[in-house]
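Here are my notes for someone opening this structure for the first time. Keep the viewer open and follow along point by point.

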Amino acid sequence: MTKMSVLADCLKKMSNAEKRGKRQVIIRPSSKVVVKFLQVMQKNGYIGEFEVLDDHRSGKIVVNLIGRINKCGVISPRFDCSVREVEQWVQNVLPSRGFGHIVLTTTFGIMDHEEARAKKTGGKILGFFY
């Protein structure tokens, strides 16, 4: 059976490991989108260091968890979102104002909604975490 979404599998693994109180989680397979999503999470202080291991197959990522993730997930399909629509998505997806982040893929790269608002750009919504 093929995996439908590598990103969804990654975020579900991290969420489950966080609920079980684990300190580390191994994510495989690896992809560029997963690595960029993890960089956004790390920049906002939701995960610790992570290491990308090349096993000459599909790759592995070892993520150090710090106990800050309550929920993370993928929004599928990847809906288009303009700059004006970002605030509506924040209200619909996140639990409260100023808490959590929505991750977008834009022409400037993968970033959270606050950075996209600062750059005045829209894009496609990948997922969320809080």
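1. A definition to start with: two strands count as paired if DSSP finds at least two bridges between them. By that rule β6 and β8 are partners, since five bridges join them and the two run antiparallel. Look for leucine 104, whose bridge partner in β8 is isoleucine 125. Bear in mind throughout that this is a predicted model.

2. Stay with β8 for a moment, as other strands pair with it too. Strand β4 (residues 72-74) is joined to β8 by three bridges, in antiparallel fashion, and glycine 73 stands opposite phenylalanine 128 there. Strand β5 (residues 80-81) is also antiparallel to β8, with two bridges between them; in this case cysteine 81 faces glycine 123. How much of β8 is buried? Six of its seven residues are, so "mostly covered" is a fair label under the cut-off of 20% relative accessible area.

3. Next, the open sheet. It has three strands in the order β1-β3-β2, with antiparallel pairing. Why is one side of β1 (24-27) and of β2 left without a neighbour in the sheet? Both stand at the edges and each has a single partner strand, so there is nothing in the sheet on the other side. Neighbouring strands here are turned by 20 degrees against each other on average, ignoring direction.

4. Within that sheet, β2 and β3 are worth a zoom. Five bridges join them, antiparallel again, and phenylalanine 50 stands opposite valine 63 in β3. As background, side chains in a regular strand alternate between the two faces of the sheet.

5. Two helices lie across these strands. α1 crosses β1, β2 and β3, running at about 160 degrees to β1. α2 lies across β2 and β3, at about 155 degrees to β2.

6. α2 deserves its own point. This helix covers residues 32-43, has 12 residues, and reaches 16 Å from its first C-alpha to its last, close to the 16 Å expected at 1.5 Å a residue. Its buried residues are Val34, Val35, Phe37, Leu38, Val40 and Met41. What covers them? Among the elements doing so are α1 (6-20), β2 (47-53), β3 (60-65) and β8 (123-129), along with β6 (101-106) and β7 (109-112). Just after the helix, glycine 45 takes a positive phi of about 80 degrees.

7. Now the aromatics. A search of the whole structure finds five aromatic pairs. One of them, tyrosine 46 with phenylalanine 129, is edge-to-face, with 5.0 Å centre to centre and 75 degrees between the planes. Tyrosine 46 sits in the loop between α2 and β2 and phenylalanine 129 in strand β8, so this pair ties together parts that are 83 residues apart in sequence. Both rings belong to buried residues: tyrosine 46 has a relative accessible area of 4%, and phenylalanine 129 is at 0%.

8. Another pair is phenylalanine 99 with tyrosine 130, which is tilted: 6.1 Å centre to centre and 50 degrees between the planes. Phenylalanine 99 lies in the loop between α3 (86-93) and β6, and tyrosine 130 in the segment after β8, so the parts tied together are 31 residues apart in sequence. Is phenylalanine 99 buried or partly exposed? Partly exposed, at 35% relative accessibility, whereas tyrosine 130 counts as buried at 14%.

9. Back to tyrosine 46, which has further company. Phe37, Tyr46 and Phe129 form one aromatic cluster. The charged end of arginine 68 also sits over the ring of tyrosine 46, 4.4 Å from its centre.

10. Check the prolines as well. A cis peptide bond joins arginine 28 and proline 29, with omega about 0 degrees; proline 29 is in the loop between β1 and α2. Serine 76 and proline 77 are likewise joined by a cis peptide bond, with omega about 5 degrees, and proline 77 is in the loop between β4 and β5.

11. Finally, which loop holds histidine 56? The one between β2 and β3. Histidine 56 has a positive phi, near 60 degrees, despite not being glycine, and counts as exposed at 73% relative accessibility. Lysine 120, in the loop between α4 (113-118) and β8, has a positive phi near 55 degrees and is exposed at 68%.

Note on methods
Residues are numbered from 1 along each chain as its sequence is written. This is a predicted model: local features need pLDDT of at least 70, side-chain atom pairs count only at pLDDT 80 or more; totals for chains, interfaces and linings use all residues. Side-chain values use heavy atoms; hydrogens and water are left out. Helices (H or I, at least four residues) and strands (E, at least two) are DSSP runs, numbered from the N terminus. The expected span of a helix is 1.5 Å times one less than its number of residues. Buried means under 20% relative accessible area, exposed over 50%, partly exposed in between (1.4 Å probe, protein chains only). Contact means heavy atoms within 4.5 Å. Axes are lines fitted to C-alpha atoms, for helices over the stretch in contact, and angles run from 0 to 180 degrees between N-to-C directions. Rings of Phe, Tyr and Trp (its six-membered ring) pair if their centres lie within 6.5 Å; planes under 30 degrees apart count as stacked, over 60 as edge-to-face and the rest as tilted. A charge sits over a ring if NZ of Lys or CZ of Arg is within 6 Å of the ring centre and within 35 degrees of the ring normal.
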